[in-house]
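Take a walk through this model with the coordinates open beside the text. The route starts at the ligands and then moves out into the fold.

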Amino acid sequence: MIDVVGLSKRYNQGTANEVRAVEGVNLSIGEGKIIALTGPSGCGKTTMLSMLGLILTPTSGEITIDGERVLLNSDNWKTCFRRDNFGFIFQHINLLYRNTAMENVLLPLYSLDAEPQAYAAKAEELFERLGLKDRGGRLVETLSGGEQQRVAFVRALIKDPKCIFADEPTVFVDEETSKVINRIFMSLRDAGKTVIMSTHDSELIKIADEVYRMSSGRLTDRH
Ligand SMILES: Nc1ncnc2c1ncn2[C@@H]1O[C@H](COP(=O)(O)OP(=O)(O)OP(=O)(O)O)[C@@H](O)[C@H]1O
Ligand SMILES: [Mg+2]
């Protein structure tokens with residue numbers, strides 16, 4: 001359960017370039033739910049996801065996860081918490097382009113106790129499920145945008161996180177892959193996971209349990 005009260009983010013606070021990216025957002029996100037954030041470009045969706053995912057520190061407000069006020073904890077605690085509980089699919093994909101697809105999935109695991117090779121079979125299974133069979137050994141820079149997006153999915157799901165943050169996850173993929181992603185989100189929900197995404201994809205919005213519309217940093221509508 002994630003509870004958010006009065007969450008705000010101002011970039012370049014106190015300067016002439018101050019941007020009020022998120023303003024006073026209150027939100028409760030239950031486990032096993034698919035949550036969609038929608039709204040025009042620049043309304044604050046990525047900023048919201050980054051704060052909820054404990055990547056970006058809010059200017060003000062509270063985030064409580066399972067009763068714990070997590071913003072009071074150290075950066076190191078947040079890093080460990082993210083690693084153990086969250087999976088991220090970033091808007092700008094953020095892969096290592098000079099490494100292979102498989103290395104992109106397994107390299108982050110070196111920071112865990114786990115032996116990365118122990119995850120290779122699971123990675124292969126996810127690659128296959130996402131239509132990337134035989135792509136594991138290819139350098140990411142030789143993959144299409146849609147294929148790269150799907151590698152980012154494998155990377156996010158490999159550790160079986162409790163909560164998945166997905167920022168415009170279907171922007172670079174074709175209709176068929178979009179359907180696969182749609183089904184993956186539904187099966188994650190069936191397994192009790194929480195999916196928090198920003199999207200304009202009407203098919204993804206259809207499967208969301210709650211849809212929030214943002215405008216100029218505020219939540220303006222919920223349905
Ligand atoms: N690092 C930053 N420094 C300064 N301003 C920023 C920064 N990141 C985002 N912004 C500004 O904050 C506002 C919200 O940006 P954000 O990326 O959260 O929007 P978004 O809804 O995700 O947009 P899009 O749909 O285009 O991805 C925008 O006005 C943006 O220009
Ligand atoms: Mg964005």
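How far is an oxygen atom of ligand 1 from an N or O atom in the side chain of threonine 46? The separation is 2.8 Å. Keep in mind throughout that this is a predicted model.

Stay with ligand 1. Its shell holds 14 residues. The closest are Ser41, Gly42, Lys45, Thr47 and Gln91. Two of these make polar contacts worth displaying. In serine 41, a side-chain N or O atom sits 2.6 Å from an oxygen atom of ligand 1. In glycine 42 the backbone takes part: one of its N or O atoms is 2.8 Å from an oxygen atom of the ligand. Taken alone, ligand 1 exposes 640 Å², and the protein buries 63% of that.

Which elements feed this shell? H1 gives the largest share, three residues. Both S2 and H1 supply at least two residues each.

Now turn to the metal. The magnesium ion is ligand 2, and its protein donors are OG1 of Thr46 and OE1 of Gln91. These atoms lie 2.0 to 2.2 Å from the ion. The two donors come from distant parts of the chain, 45 residues apart. Threonine 46 belongs to helix H1, residues 45–52. Glutamine 91 sits in the loop between strand S6 (86–89) and helix H3 (101–106). Both residues also figure around ligand 1: Gln91 is among the closest in its shell, and the side chain of threonine 46 approaches one of its oxygen atoms.

Are these two donors buried or exposed? Neither extreme applies. Threonine 46 has a relative accessible area of 33%, so it counts as partly exposed. Glutamine 91 is partly exposed too, at 28%.

The loop that carries glutamine 91 also holds isoleucine 93. Here the relative accessible area is 5%, so isoleucine 93 is buried. What packs against it? Beyond its neighbours within four places in sequence, isoleucine 93 is in contact with Gly145, Gln148, Gln149, Ala152, Arg155 and Phe172. One of these partners can be located by backbone distance. The C-alpha atoms of isoleucine 93 and alanine 152 are 6.3 Å apart, although 59 residues separate them along the chain.

Next, follow the parallel strands. S6 and S7 run parallel and are joined by four bridges. Phenylalanine 88 has phenylalanine 165 in S7 as its bridge partner. S7 also pairs with S8, again in the parallel sense, over five bridges. There, isoleucine 164 is partnered by valine 195 in S8.

Why is S7, residues 163–167, described as largely enclosed by the rest of the structure? Five of its five residues are buried, so the strand has cover along its run. Both faces are covered. Cys163, Phe165 and Asp167 are buried on one side, and Ile164 and Ala166 are buried on the other.

Just past S8 comes threonine 199. It is found in the loop between strand S8 (194–198) and helix H7 (202–207). A relative accessible area of 1% makes threonine 199 buried. A polar atom of its side chain lies 3.0 Å from the backbone nitrogen of aspartate 201. Leaving out neighbours within four places in sequence, threonine 199 is in contact with Ala36, Leu37, Thr38, Glu168, Thr170, Leu204 and Ile205.

Finally, look at the antiparallel sheet. Four strands make it up, in the order S2-S1-S4-S5, and the sheet is open. Its edges are strand S2 (19–29) and strand S5 (68–69), each pairing on one side only. Strand S1, residues 2–11, pairs with S2 over seven antiparallel bridges. To find the register, select lysine 9: valine 22 in S2 stands opposite.

The loop between S1 and S2 contains asparagine 12. Its relative accessible area of 44% makes asparagine 12 partly exposed. Not counting residues up to four places away in sequence, asparagine 12 touches Asn17 and Glu18. With the first of these there is a polar contact: a polar side-chain atom of asparagine 12 is 3.4 Å from the backbone oxygen of asparagine 17.

The route ends back at its start, since S2, an edge strand of this sheet, also supplies at least two residues of the shell around ligand 1.

Conventions. Residues numbered from 1 in each chain as written. Chains lettered and ligands numbered in written order. Predicted model: local features only at pLDDT ≥ 70, side-chain atom pairs only at ≥ 80, totals over all residues. Heavy atoms only, no water. Donors = N, O, S within 2.8 Å, 3.2 Å for Na, K, Ca; no water. Buried < 20%, exposed > 50% of the residue type's maximum accessible area, 1.4 Å probe, protein only. Polar contact = N/O pair within 3.5 Å; in protein donor to acceptor, adjacent residues only side chain to side chain. Contact = heavy atoms within 4.5 Å. Pairing = 2+ DSSP bridges. Near = heavy atom within 4 Å. Areas by Shrake-Rupley, 256 points an atom, 1.4 Å probe, with all protein chains shown as cover.
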